[in-house]
Amino acid sequence: MSSTDLPSYKVEFLKAAIDGGVLKFGSFELKSKRISPYFFNAGDFYRADLLRAISTAYAKTIIEASTSSTPLEFDILFGPAYKGIALATATVDKLADLQPENYGKVCYSFDRKEAKDHGEGGNIVGAPLKGKRVLIVDDVVTAGTAKREAIGKIQKEGGIVIGILVALDRMEKLPAPNGDDPSTPMPSAIGEIRKEYAIPVLSILTLDDIIGGLKGKISEEDIRRMVEYKDKYKPSD
């Protein structure tokens, strides 16, 4: 896949991620202790033009998914603290800007890390979740722990989680319980969440999009290392 095969909003998002230093290439030690040839940090979309780029990409991913045979139908975008807060609120604004007739009344909510015991109290800021269809918006799925916590909080408030949207699907398997042996078949964290909760997990970009979209635009060595990494940690699902 080349950049000409990607939808224009993905090409624009990929360019913004590189220009803004959000997507980097080299050698990076991940939380899993794997050495990755690339690193993506959605927390670096803190500049106005970059925040606009990522919220536009989220919004257009939602709009595209909503025209599929199984459209996304939701009332609230939920941003898990902390990174998800800005992502969800900016995306709500962008959806209303792009399609006010469909998304002008969409709401946002996010959680507190610690419950507030004064004022309005509680764990949730923004729209009440009870009886509402909720789409979670966040940066990535790593082990899936944070997403399970978010789902649990939403369900405790009476909300109905209809899906998750992340910026990047790394397309890699979870570490094996007995050590991170690349030869041990393991599912991806995203695949496990899809299976466990029977909900869609969508992404703006996948590792395949990055590899295909950047051929001829970054060094052949960086492309080769990403392909090797993908093959080494390919999930079983």
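Okay, before anything else: when I say two residues meet, or are in contact, I mean heavy atoms within 4.5 Å. And a reminder that what you're looking at is a predicted model.

Let's start with helix H1, residues 8-19, and helix H7, residues 207-214. From H1 we get Lys 10, Leu 14 and Ile 18, and they meet Asp 209, Ile 210, Gly 213 and Leu 214 from H7. Sort that contact by class and you have four nonpolar residues, one polar and two charged. As for the geometry, the axes are 11 Å apart and the packing angle is about 85 degrees. Anything from 65 to 115 degrees goes down as roughly perpendicular, so that's the label for H1 and H7.

Next pair: H2, residues 48-65, against H3, residues 83-98. Here the axes sit 8 Å apart, at an angle of about 65 degrees, and the crossing is right-handed. The residue list is a long read, so I'll just pick some. On the H2 side there's Leu 51, Ile 54, Tyr 58 and Ile 62, among others, and on the H3 side the list includes Leu 87, Ala 90 and Leu 95. By class, that contact comes out as 11 nonpolar, three polar and three charged.

Third pair: H5, residues 145-156, and H6, residues 189-197. Their axes come within 10 Å and cross at roughly 25 degrees, and that makes H5 roughly parallel to H6. It's a right-handed crossing too. So who's actually meeting whom in H5 and H6? From H5, it's Lys 147, Arg 148 and Ile 151; from H6, Glu 192, Ile 193, Glu 196 and Tyr 197. The class split there is three nonpolar, no polar and four charged.

Okay, leaving helix pairs. I want to show you two aspartates. Asp 139 is in strand S6, residues 133-140. Buried or exposed, what would you say for Asp 139? It's buried, with a relative accessible area of 10%; the cut-off for buried is under 20%. If you skip residues up to four places away in sequence, Asp 139 touches Ala 42, Tyr 58, Lys 83, Leu 87, Val 166, Ala 167 and Leu 168. Tyr 58 and Leu 87 should ring a bell, as both were in the H2 and H3 contact. Also, have a look at Gly 79: that's 60 residues from Asp 139 along the chain, yet their C-alpha atoms are separated by 9.6 Å.

The other one is Asp 44, in the loop between strand S2 (35-40) and H2. At 18% relative accessible area, Asp 44 is buried as well. Setting aside neighbours within four places in sequence, its contacts are Gly 21, Val 22, Lys 24 and Leu 50.

Last bit, aromatics. How many aromatic pairs does the structure hold? Eight. For a ring pair, you quote the distance of the centres and the angle of the planes. Take Phe 40 with Phe 45: 6.2 Å centre to centre, 50 degrees between the planes, and that's a tilted pair. Both of those phenylalanines, Phe 40 and Phe 45, are buried. Bring in Phe 13 and you have a cluster: ring pairs link Phe 13, Phe 40 and Phe 45.

That's my tour. Happy to pull any of these up on the screen.

Methods. Residues numbered from 1 in each chain as written. Predicted model: local features only at pLDDT ≥ 70, side-chain atom pairs only at ≥ 80, totals over all residues. Heavy atoms only, no water. Axes fitted to C-alpha atoms, helices over the stretch in contact; angles between N-to-C directions. Helix = DSSP H or I, 4+ residues; strand = E, 2+ residues; numbered from the N terminus. Parallel < 35°, antiparallel > 145°, perpendicular 65-115°, else oblique. Left-handed = near helix turned anticlockwise from the far one by under 90°. Nonpolar A, V, L, I, M, F, W, Y, C, P; charged D, E, K, R; others polar. Buried < 20%, exposed > 50% of the residue type's maximum accessible area, 1.4 Å probe, protein only. Phe/Tyr/Trp six-rings, centres within 6.5 Å; stacked < 30°, edge-to-face > 60°.
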